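The exercises below are meant to be worked with the sequence and the coordinates side by side. Each one sets a task and is followed by a solution in steps.

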Amino acid sequence: MRVLTPTENNRLNELLGFLGVTIAVLIALALLSYSPHDPSFNVSTDSPDLHAARNWIGPVGAYGADLFFQGFGYAAFLLPVGIFLLGYRWFRSEPMDSPAIKLAGYSMLVLMVPTLLTLWRMPDVRSAIPPGGLLGHLVSEGLQAAFNTVGANLVAVAIFFAGLFLTTKFSFIETHEWLRGAAEQIERH
């Protein structure tokens with residue numbers, strides 16, 4: 001996975017990292033300022049002057065945010081987070097441990113977050129787009145067809161935690177010990 005690992009050239013790494021962080025900020029701002037009334041692939045207007053984009057990143061932000069939300073729902077915010085973290089590591093020329101495993105875990109998160117948002121019937125994005133987007137709808141329908149509702153939720157949660165485990169320093173054992181310690185403190189009070 002050479003794409004995820006910085007090169008030997010620190011100046012090139014710094015430039016690519018800077019560009020990655022900038023792109024992540026642009027995407028995040030476009031998502032944060034999304035409006036279902038902006039021009040997009042499913043909203044047509046007669047002229048650009050009649051209906052200018054209110055998105056902070058302009059028409060590119062309006063179209064991009066709409067596309068990301070249509071595809072991933074709220075999980076679209078995982079995209080700028082991932083790009084930002086990757087850009088930051090490149091900026092500092094820090095190699096990533098096991099990039100293929102991190103990519104697999106991140107992919108599991110990107111797949112399961114929209115699925116869980118759909119299964120749990122979260123509120124729509126700005127009252128216009130389903131919370132899990134098209135991806136969440138398709139995967140949740142497939143899981144429910146194969147495992148029914150309870151099984152679909154269990155499979156989605158398990159894949160989510162596996163992705164979290166592969167992508168971050170999350171530990172099942174440490175989380176269990178932390179929860180047990182918190183419960184014991186509550187019992188003492």
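**Exercise 1. Confidence and overall build**

What is the mean pLDDT of the protein chain, and what percentage of its residues reach 70 or more? Go on to locate the helices with the lowest and highest confidence, and describe the chain as a whole.

*Solution.* Begin with the status of the coordinates: this is a predicted model, in which the mean pLDDT of the protein chain is 93 and 95% of the residues reach 70 or more. Next, compare the elements: confidence is lowest in helix α6 (residues 172–188), with a mean of 92, and highest in helix α5 (residues 133–167), with 98. Then take the secondary structure, which consists of six helices and zero strands, so that the order from the N terminus reads α-α-α-α-α-α under the assignment by DSSP runs. For the dimensions, the C-alpha trace spans about 65 × 50 × 40 Å along its principal axes, and the accessible surface comes to about 11900 Å², 67% of which belongs to carbon and sulfur atoms. Finally, consider the contacts: among those between residues at least 6 apart in sequence, 71% join residues at least 24 apart.

**Exercise 2. The nonpolar interior**

Which residues make up the largest nonpolar core? Determine how the helices contribute, and look for a further core.

*Solution.* As a starting point, buried residues make up 32% of the 189 residues in the chain. The largest nonpolar core holds nine residues in all, namely I27, A30, L31, Y34, A65, F69, A76, V125 and I129. Assigning these to elements, one finds that α1 and α2 (58–72) each supply at least two of them, and that the largest share, three residues, comes from α1. A second, separate core of seven residues can also be found, including L116, L119, L143 and A152. To see the packing around one member of the largest core, take A76, which, with residues up to four places away in sequence not counted, touches L31, F68 and F69. The general background is that nonpolar side chains tend to be buried together in soluble globular proteins.

**Exercise 3. Nonpolar side chains on the surface**

Which residues make the nonpolar surface patch of about 610 Å²? Contrast this with the setting of L138.

*Solution.* The patch is made by L12, L15, L16, F18, L19, I23 and F91, and α1 gives the most to it, with six residues. Take L12 as an example: it is located in helix α1, and because its relative accessible area is 35%, it is classed as partly exposed. L138, in turn, is located in helix α5 and counts as exposed because its relative accessible area is 51%, the cut-off for this class being over 50%. The C-alpha atoms of L138 and P114, 24 residues apart along the chain, are separated by 9.7 Å.

**Exercise 4. Salt bridges**

How many salt bridges does a search of the whole structure find? Describe each pair and its exposure.

*Solution.* The search finds two. In one of them, D38 pairs with R54, the closest N and O atoms being 3.9 Å apart, which falls inside the cut-off of 4 Å. Both D38 and R54 lie in the loop between α1 and α2, so the pair ties together parts that are 16 residues apart in sequence. D38 is buried, with a relative accessible area of 2%. In the other, the side chains of R92 and E94 meet at 2.8 Å, N to O; here R92 is partly exposed at 48% relative accessibility, and E94 is partly exposed at 25%.

**Exercise 5. Two buried residues outside the helices**

Is M96 buried or exposed? Work out its surroundings, and then do likewise for T5.

*Solution.* M96 sits in the loop between α3 (78–91) and α4 (99–119), and since its relative accessible area is 17%, it is buried, the class being defined as under 20%. Leaving aside neighbours within four places in sequence, M96 is in contact with L4, L86, R89 and K102. T5 is found in the segment before α1 (10–32) and is buried, with a relative accessible area of 17%. Its contacts, not counting residues up to four places away in sequence, are W90, P95 and P99.

Key:
Residues numbered from 1 in each chain as written. Predicted model: local features only at pLDDT ≥ 70, side-chain atom pairs only at ≥ 80, totals over all residues. Heavy atoms only, no water. Helix = DSSP H or I, 4+ residues; strand = E, 2+ residues; numbered from the N terminus. Buried < 20%, exposed > 50% of the residue type's maximum accessible area, 1.4 Å probe, protein only. Contact = heavy atoms within 4.5 Å. pLDDT = per-residue confidence, 0-100. Patch = residues over 30% accessible without salt bridge, like charges linked within 9 Å, V, L, I, M, F, W, Y side chains within 5 Å. Areas by Shrake-Rupley, 256 points an atom, 1.4 Å probe, with all protein chains shown as cover. Core = buried A, V, L, I, M, F, W, Y, C linked by side-chain atoms within 4.5 Å.
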